[in-house]
Amino acid sequence: SEDSDSSSMSEEEIVEAEKLLTTEEKQRLSIKQQRESLPIYPYRDQLLAALRDHQVLIIVGETGSGKTTQVPQYLHEIGYTKFGKIGVTQPRRVAAMSVAARVAQEMNVKLGHEVGYSIRFEDCTSDKTVLKYMTDGMLLREFLGDPRLDGYTCLMIDEAHERTLHTDVLFGLVKDVARERKDLKLLISSATMDAEKFSDYFDGAPVFKFPGRRYPVDMFYTKQPEADYVEAAVITTLQIHVTQPRGDILVFLTGQEEIETAQEMLQQRTRGLGTKISELMICPIYSTLPSDMQAKIFEPTPPGARKVVLATNIAETSLTIDGIIYVIDCGFAKQTSYNPRTGMESLIVTPISKASANQRAGRAGRVAPGKCFRLYTAWSFQNELDDTTIPEIQRTNLGNVVLMLKSLGINDLIHFDFMDPPPAETLIRALEQLYALGALNDEGELTKLGRRMAEFPLDPMLSKCVIQSEAFKCVDQVITVCCMLSVGNSIFFRPKEKAIHADNARKNFFRPGGDHICLLNVFEQWKETNYSTQWCFENFIQVRSMKRARDIKEQLIELCKRVEIDYAEETLSVVDDEYYSNVRKAIASGFFYNTAKLQKSGNYKTLKNQHTVHIHPSSCMFEALPKWVIYHELVYTTKEYMRNIIELNPDWLLEIAPHYYKKSDIEDDDKKEKKVKMPPKGK
Ligand code: ADP
Ligand code: MG
């Protein structure tokens, strides 16, 4: 039968098939060559010997030298995966996905089989998986189910220099597990040369340093500070494209919005230049970019063209893009900052540190001598940038992490072995908030409610809403709202050239009650169309975000079953009087802390701290100015904005959080107003 098969192929087909085979072979060969050309390769045996002799090892090597993709494969090759998995953590989800995909390709296996990844709400692993890439937050959650991490023979806490909150907490936990489980190997890997701190923390673990390849990078600064760095980045990109020899460009900006703006500007201006310039291939990369589009940054640049990658600081050390010769650095990054006194957490565009700036510049010198264009002055670099970035644990809300540590039975958080402890005030604030939510009792111990809350991979306030929604008979609705909030602010699509249409479409979803109700409405209408893509398209809704929300919803429903929340029973329907008000009450039962009240000035003030805040222009309540609101989050741009708000009946606060609010809190300060009775809400 083999004969007849081949005889049925024409001569041409055979030639074609052979061509295919050889290209595939070529690719395979070149992957081997690529692997062997990485700076870490000559140190493979030395590294493995060091890990044989020591339980904990700190690995330091420059970005792009092969730590993340190669070390786990080396361990796999010599048998570390015979009796368990190798787990590798990444601070960012995009990195976990992209690196896993690359390693699967190198090992010639299907992603999700031997090599997989796990990020929040997305598990791409199977029983076969032996190399598991995951976000640091996911490994943290695994402790809840398996406190000794018995499924792993080796853990690699990667990108340790990033010092994310979850990585820092992991340090404390894995250090403890390693003491208990002598068979567990622990690798801490970092891109910075400042490894002594890691070594000291891990009881003097040896540091394995290997040299990277680094070509000189010429530095250029602006003469004056730039008023608009997005514009400056676009101009610099075009100047490089027109005047400089070949080589790709990497531009660091702070977030999706800026990246999209820069992308549009570049598209417009290159279109204007027409065929006078060679092709510029524009590739955005940021954390919420869909994975098929993420892959684009790694595609080889076509001959004669030039690639420009517009990235957040994800490309600083987590991802390495080959072929970059030019780096443009805006000098900023988005950072969380937290004020424990007011409880305000916000994402703020902040100057980067010198260490970050140098990492960014280093991206230009990986394959050949490069150039780095800093969109700030040399003086500013010297005098205004801090040496290093403050670890996230010292500038973020700890509610989530404290709840998780408490459910791991770690009660004494003040004495937890943090590499750099969080401010005591922040820790106390987190405990207070969890207490107010009912997750902790007077003794600071986890309550039954707290234990259930910890099951959800959500912020404690959201978890509380989900659990309380049972009492308000609106579990399905509240879960929907949580999912829609969890996908971020990417539900509505607003192309510049159709902004008016998009805004009108969006207004059609507005409902009394607030943005949460509006989001609920979007999802329910979509569901009624049987999840139609066309419907999304017609209504300026991003179908990708909606699908993601639907996926998350399925998972939350599963979790509800696990903590015995009655998902289906007695659900109110849209015709019931309390339908929307109950949803709002359930939201309020988690977010009562975020109450703000309208002032005569037209601004809002938070109830507890008297902090001035404003309704975000994107809110459906922007013009309505309800007297009392609860907000989902604060964002700081030009002012402090409340994003996603619901209208509140202040009496609910006494019903929902009697331990937290007194009658005097919600009474009108103005005597005259006091006589006007608030009409019942809900319609
Ligand atoms: P490190 O962790 O030391 O920074 P990596 O292991 O991430 O280095 O990367 C090693 C090399 O693998 C990079 O230089 C790059 O050439 C290649 N690489 C990594 N990810 C991809 C990808 N998704 N596609 C193509 N090449 C990749
Ligand atoms: Mg890496």
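Let me start at ligand 1: 17 residues surround it, and those that come nearest are Lys-67, Thr-68, Thr-69, Arg-102 and Phe-298. Near here means that the C-beta atom of a residue, placed from the backbone, lies within 6 Å of the molecule. Two elements, α4 (67-77) and α5 (93-107), give two or more residues each to this shell. Helices and strands are DSSP runs, H or I over at least four residues for a helix and E over at least two for a strand, numbered from the N terminus. By class the shell has 4 nonpolar, 10 polar and 3 charged residues. Nonpolar covers Ala, Val, Leu, Ile, Met, Phe, Trp, Tyr, Cys and Pro; charged covers Asp, Glu, Lys and Arg; the others, Gly among them, count as polar.

Before going on, this is a predicted model, where local features need pLDDT of at least 70 and side-chain atom pairs count only at pLDDT 80 or more, while totals for chains, interfaces and linings use all residues. Residues are numbered from 1 along each chain as its sequence is written, and chains are lettered from A and ligands numbered from 1 in the order in which they are written.

Back to α4. Of its 11 residues, 8 are buried, so this helix is mostly covered; buried means 20 or more other C-beta atoms within 10 Å of the residue's own, exposed means 12 or fewer, and partly exposed is in between, with C-beta atoms placed from the backbone. Lys-67, Thr-68 and Thr-69 are among the buried residues of α4. Just after the helix, Gly-79 takes a positive phi of about 105°.

Next, the sheet. It is open, with 8 strands in the order β4-β3-β5-β2-β6-β7-β1-β8 and mixed pairing. Strands pair if DSSP finds at least two bridges between them. At the edges are β4 (122-124) and β8 (207-209), each pairing on one side only. From one strand to the next the twist averages 20°. Inside the sheet, β2 (residues 85-90) runs parallel to β6 (residues 152-157), joined by 5 bridges, and Lys-85 has Tyr-152 as its bridge partner in β6.

Helix α5 lies across β2, β3 (115-119) and β5 (131-135), at about 170° to β3. Axes are lines fitted to C-alpha atoms, for helices over the stretch in contact, and angles run from 0 to 180 degrees between N-to-C directions.

Is Ala-104 of α5 buried or exposed? Ala-104 counts as buried because it has 21 C-beta neighbours inside 10 Å. Leaving aside neighbours within four places in sequence, Ala-104 is in contact with Val-109, Lys-110, Leu-111 and Val-115, contact meaning C-beta atoms, placed from the backbone, within 7 Å. Its C-alpha atom is separated by 9.2 Å from that of Leu-131, 27 residues apart along the chain.

The largest nonpolar core has 180 residues, and Val-251, Val-478 and Cys-482 have the most contacts inside it. The largest share, 9 residues, comes from α5. A nonpolar core is a set of buried Ala, Val, Leu, Ile, Met, Phe, Trp, Tyr and Cys residues joined through C-beta atoms within 7 Å.

Last, β21 (residues 640-647): 6 of its 8 residues are buried, so the strand is largely enclosed by the rest of the structure. It pairs antiparallel with β20 (residues 628-636) over 7 bridges, and a hairpin of 3 residues joins β20 to β21. Tyr-631 has Ile-645 as its bridge partner in β21. Strand β19 (residues 612-615) pairs with β21 in the parallel sense over 2 bridges, with Ile-615 opposite Met-642.

Definitions and conventions. Contact = placed C-beta atoms within 7 Å.
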